[in-house]
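Subject: Structure handover

Hello,

Here is the structure you asked to take over. My notes on it follow below the entry.

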Amino acid sequence: MIAGLATGALVLVVGLAWVGPGRAGTRSRRERRPWFAGLDVAPGRLVAASLGAAGVAFLLGLGFTGIVWVALPPAIAIGLLPGLYWSRRRAVRLAATAAAWPDALRDLSASVAAGLSLTRSLEALATSGPPPIREAMAGYPATARALGVLPALEVVRARLADPVADRVIEVLRVAHERGGSAVPRLLADLADATGEDLRVEEEIRTESLEQRINARAVFVLPWLVLLLLCVREGPFRDFYASPAGLVVIAAGAGLSAIGAVVVGRLARREMEPRVVGGRG
């Protein structure tokens, strides 16, 4: 009972920390994540899902092994999965939107070169551009007609909250303000530069995929082996049910947590800062 309450409390704290406090008058990180994930899920449901997953995992582990502290670490780890899943969906949405910008910019360049104004080209992009861009610019035509092109672009920038989108929106702002015959070439050059940056980033991500999989397996497999050892009656189960086994499990859980933090920091790639629109 005490272990179950401890599991729930820890997952609740982690869930609330991941959600983070909102800020009045702005779209907080908590409010932006559901848009990126494409899921209409409130932050409270995320915490409830984490608590439910941790509770079910704890009860299953306790039922198979009969040892509270053997079932506790895997339950905590499983309780973190809903937040990790949501974060992953957000990352996938960001990557899809960023990958669609080069094609969208080439469409804009072709439309402007054909004689269409940038304003009309942007409105057409919101309805006939690549699917991720259409979703990102949903509502742009109505906002542009009501408030103007520049405020509408700022709405898109705030919605995406992404360094690639910041660069694109800033160039679009300059192109709208200055205009001229150089706009098609400017948009085409930006499309080429953005595509090259995304290609290099994809190569880095692909080359590090095997290392990421190996690192995760190193942390997961020992706990799976521990559960299997404690499923049947015998000396392993007797040892881990004893105070000495508790000390070993506590030490292993602590070392695993420290190792996960160290590996996470070593594997973290430097993300491009949001120089424009990243403050406040």
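The model is predicted, and its pLDDT averages 78 over the protein, with 81% of the residues scoring at least 70. Confidence is uneven along the chain: of the elements, helix α2 (residues 29-37) has the lowest mean pLDDT, at 41, and α8 has the highest, at 89. Residues 1-39 stay under 50 throughout, and for this stretch the model has 70 contacts beyond four places in sequence. Please keep those pLDDT values in mind when reading the contacts of residues 1-39.

Overall make-up. The protein contains 14 helices and zero strands. Of its 280 residues, 33% count as buried. Taking contacts between residues at least 6 apart in sequence, 67% of them join residues at least 24 apart.

Cores. The largest nonpolar core comprises 33 residues, and Trp101, Leu122, Met137, Tyr140, Leu172 and Leu187 have the most contacts inside it. At least two residues of this core come from each of α5 (81-113), α6 (118-128), α7 (131-136), α8 (140-147), α9 (149-160), α10 (163-178) and α11 (183-207). A separate core of seven residues lies apart from it and includes Leu226, Cys230, Tyr240 and Ile249. As background, nonpolar side chains in soluble globular proteins tend to be buried together.

Leu187 is worth opening in the viewer. Setting aside residues up to four places away in sequence, Leu187 touches Leu105, Leu108, Ser109, Val112, Leu118 and Leu172.

Helix packing. I looked at two pairs.

The first is α8 and α9, which pack at an angle of about 140°, their axes being 7 Å apart. Since angles over 145 degrees are what counts as roughly antiparallel, α8 and α9 are therefore oblique to each other. Their crossing is right-handed. On the α8 side the contact is made by Tyr140, Thr143, Ala144 and Leu147, and on the α9 side by Val149, Pro151, Ala152, Leu153, Val155 and Val156. Tyr140 of this contact is also one of the residues with the most contacts inside the largest core.

The second pair is α10 and α11, with an angle of about 175° and axes 11 Å apart. That makes α10 roughly antiparallel to α11. From α10 the contact takes in Val164, Arg167, Val168, Val171, Leu172 and Ala175; from α11 it takes in Val183, Leu186, Leu187, Leu190, Thr194 and Asp197. Leu172 and Leu187 thus appear here as well as among the residues with the most contacts inside the largest core.

Single residues. Two more are noted below.

Glu123 lies in helix α6. Is Glu123 buried or exposed? Its relative accessible area is 14%, and the limit for buried is under 20%, so Glu123 is buried. Leaving out neighbours within four places in sequence, Glu123 is in contact with Tyr140, Pro141 and Arg145.

Ala267 lies in helix α14 (residues 243-267). At 48% relative accessibility Ala267 counts as partly exposed, because the exposed class begins over 50%. The C-alpha atom of Ala267 is separated by 8.4 Å from that of Ser208, although the two residues are 59 apart along the chain.

Regards

Terms used:
Residues are numbered from 1 along each chain as its sequence is written. This is a predicted model: local features need pLDDT of at least 70, side-chain atom pairs count only at pLDDT 80 or more; totals for chains, interfaces and linings use all residues. Side-chain values use heavy atoms; hydrogens and water are left out. A nonpolar core is a set of buried Ala, Val, Leu, Ile, Met, Phe, Trp, Tyr and Cys residues joined through side-chain atoms within 4.5 Å. Buried means under 20% relative accessible area, exposed over 50%, partly exposed in between (1.4 Å probe, protein chains only). Helices (H or I, at least four residues) and strands (E, at least two) are DSSP runs, numbered from the N terminus. Contact means heavy atoms within 4.5 Å. pLDDT is the predictor's confidence in each residue, from 0 to 100. Axes are lines fitted to C-alpha atoms, for helices over the stretch in contact, and angles run from 0 to 180 degrees between N-to-C directions. Angles under 35 degrees count as roughly parallel, over 145 as roughly antiparallel, 65 to 115 as roughly perpendicular and the rest as oblique. A crossing is left-handed if the near helix is turned anticlockwise from the far one by less than a right angle, and right-handed if clockwise.
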